[in-house]
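Here's a quick briefing to read alongside the model. Have the sequence and the 3D view open, and take the topics one at a time.

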Amino acid sequence: MPDLPVLPPTVRYELRGAVAIIRIDRPELRNAADRATSYGVHQALCHAEADDSVGAIVLTGTGERAFCAGMDLKEAGQVGSGTGLVPGAGFLGVTERRCPKPLIAAVNGAAVAGGCEAALACDLVVAADHAVFGLPEIRRGMVAFAGGVQRLAQILPRQKAFEVIFSGAHYPAQAFAALGLVNRVVPGERVLDEAVALAEEVLANSWHCLRLAKQLYEVARDETLQASIDWGHRHGPALMNSTDSREGIAAFNQGRDANFANGTRI
């Protein structure tokens with residue numbers, strides 16, 4: 001296990017079994033991220049990705065008010081905006097990241113501006129029933145260019161996407177769930193536990209296959225159908241002859257749960 005880097009006091013890191021929990025800890029500022037916090041989350045993500053004993057990562061915020069209110073506008077007013085954008089990884093080190101492991105947002109409160117962009121960049125989203133989402137940048141003379149507009153363009157029909165983008169309004173978690181942007185809406189006091197439980201449910205499968213499935217999804221999203229099918233053909237033989245594939249087939253034929261080689265490099 002690699003040593004945990006020294007993180008700023010506004011970023012907390014903990015492990016629950018094979019699940020790493022990264023928490024933005026600035027509740028007095030609605031977990032708005034200054035440069036140090038954004039880079040700190042990035043460092044924590046790098047650590048979790050490098051740790052073979054970590055299978056999935058949960059990103060959340062401290063308190064009930066906010067998951068993340070975006071960039072720290074007070075800092076932006078002093079030194080200029082954009083200082084929290086990590087080169088190659090984006091806001092919070094999330095919005096441009098290609099994380100190889102399942103990344104789950106436990107949205108404990110308002111996820112707005114960059115906080116909404118970070119949630120949209122996660123693979124799965126569990127939201128508290130009082131949480132709200134939105135891209136209010138348009139009301140501050142800005143545009144959600146760190147991934148918010150782009151992901152809505154990929155996910156939603158044009159008219160629905162522009163409603164969110166043009167209005168700058170806040171939407172309740174249930175509304176984002178209806179749009180397919182939130183997986184589960186749960187009571188606020190259970191949001192982190194439910195996110196960890198979802199991570200553990202996912203991690204009952206082959207971690208090796210989870211990572212390959214993420215890679216194939218990204219290829220299928222960004223490339224043509226034929227290019228993504230070709231990718232599958234290139235990687236399929238090794239996958240079907242892997243230790244986990246042989247174990248999965250044997251477990252099925254023997255009527256038992258599979259014992260995958262999770263937590264090790266294959």
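**A quick tour**

Thr37 is a good place to land first: with a relative accessible area of 0%, Thr37 is buried. Keep in mind that this is a predicted model. Zooming out, the protein chain splits into domain 1 (11-204) and domain 2 (207-254).

**Around Thr37**

- Thr37 belongs to helix α1.
- On the side-chain level, Thr37 makes a polar contact with the side chain of Asp34, at 2.7 Å.
- If you skip the neighbours within four places in sequence, Thr37 is in contact with Thr10, Val11, Ile24 and Arg26.

**How the two domains meet**

- Measure between the C-alpha centres, and domain 1 and domain 2 come out 28 Å apart.
- Even so, the two domains do touch: 15 residues of domain 1 are in contact with seven residues of domain 2.
- Between them, domain 1 and domain 2 bury about 910 Å², with 51% of it on carbon and sulfur atoms.
- Who supplies the area on the domain 1 side? Arg98, Pro100 and Gln154 supply 40% of what domain 1 buries against domain 2, more than any other three residues.

**Charges and polar pairs at the interface**

- How many salt bridges are there between domain 1 and domain 2? The count is three.
- Asp123 and Lys214 have side chains that meet in a salt bridge, at 2.7 Å from N to O.
- Five residue pairs are in polar contact across the interface of domain 1 and domain 2, counting pairs with both residues at pLDDT 80 or more.
- Sorted by class, the side of domain 1 that touches domain 2 has eight nonpolar, three polar and four charged residues.

**Two residues with a positive phi**

- Asn31 is not a glycine, yet it has a positive phi of about 55 degrees.
- To find Asn31, look in the loop between β2 (19-24) and α1 (35-50).
- Is Asn31 buried or exposed? Its relative accessible area is 0%, so Asn31 is buried.
- Ala113 also has a positive phi of about 55 degrees, although Ala113 is not a glycine.
- Ala113 sits in the loop between β8 (110-112) and α3 (114-121).
- Ala113 counts as buried because its relative accessibility is 13%, and the cut-off for buried is under 20%.

**Helix α3, an enclosed helix**

- Eight of the eight residues of α3 are buried, so this helix is largely enclosed by the rest of the structure.
- The buried residues of α3 are Gly114, Gly115, Cys116, Glu117, Ala118, Ala119, Leu120 and Ala121.
- Gly114, which lies in helix α3, counts as buried at 6% relative accessibility.
- Which residues is Gly114 in contact with, leaving aside its neighbours within four places in sequence? They are Gly70, Phe91 and Glu137.
- Gly114 and Val94 are 20 residues apart along the chain, and their C-alpha atoms are separated by 10.0 Å.

**To take away**

- For the domains, remember the area of about 910 Å² buried between domain 1 and domain 2 and the three salt bridges between them.
- For the buried spots, remember Thr37 in helix α1, Asn31 at 0% relative accessible area, and helix α3 with eight of eight residues buried.

Conventions: Residues are numbered from 1 along each chain as its sequence is written. This is a predicted model: local features need pLDDT of at least 70, side-chain atom pairs count only at pLDDT 80 or more; totals for chains, interfaces and linings use all residues. Side-chain values use heavy atoms; hydrogens and water are left out. Domain bounds come from an automatic or database domain assignment. Contact means heavy atoms within 4.5 Å. Buried area is the accessible area (1.4 Å probe) that two parts lose on being put together, summed over both. A salt bridge is a side-chain nitrogen of Lys or Arg within 4 Å of a carboxyl oxygen of Asp or Glu. A polar contact is a pair of N or O atoms within 3.5 Å; within protein, one must be able to donate a hydrogen and the other to accept it, and residues adjacent in sequence count only if both atoms are side-chain atoms. Ala, Val, Leu, Ile, Met, Phe, Trp, Tyr, Cys and Pro count as nonpolar, Asp, Glu, Lys and Arg as charged, and the others, Gly among them, as polar. Helices (H or I, at least four residues) and strands (E, at least two) are DSSP runs, numbered from the N terminus. Buried means under 20% relative accessible area, exposed over 50%, partly exposed in between (1.4 Å probe, protein chains only).
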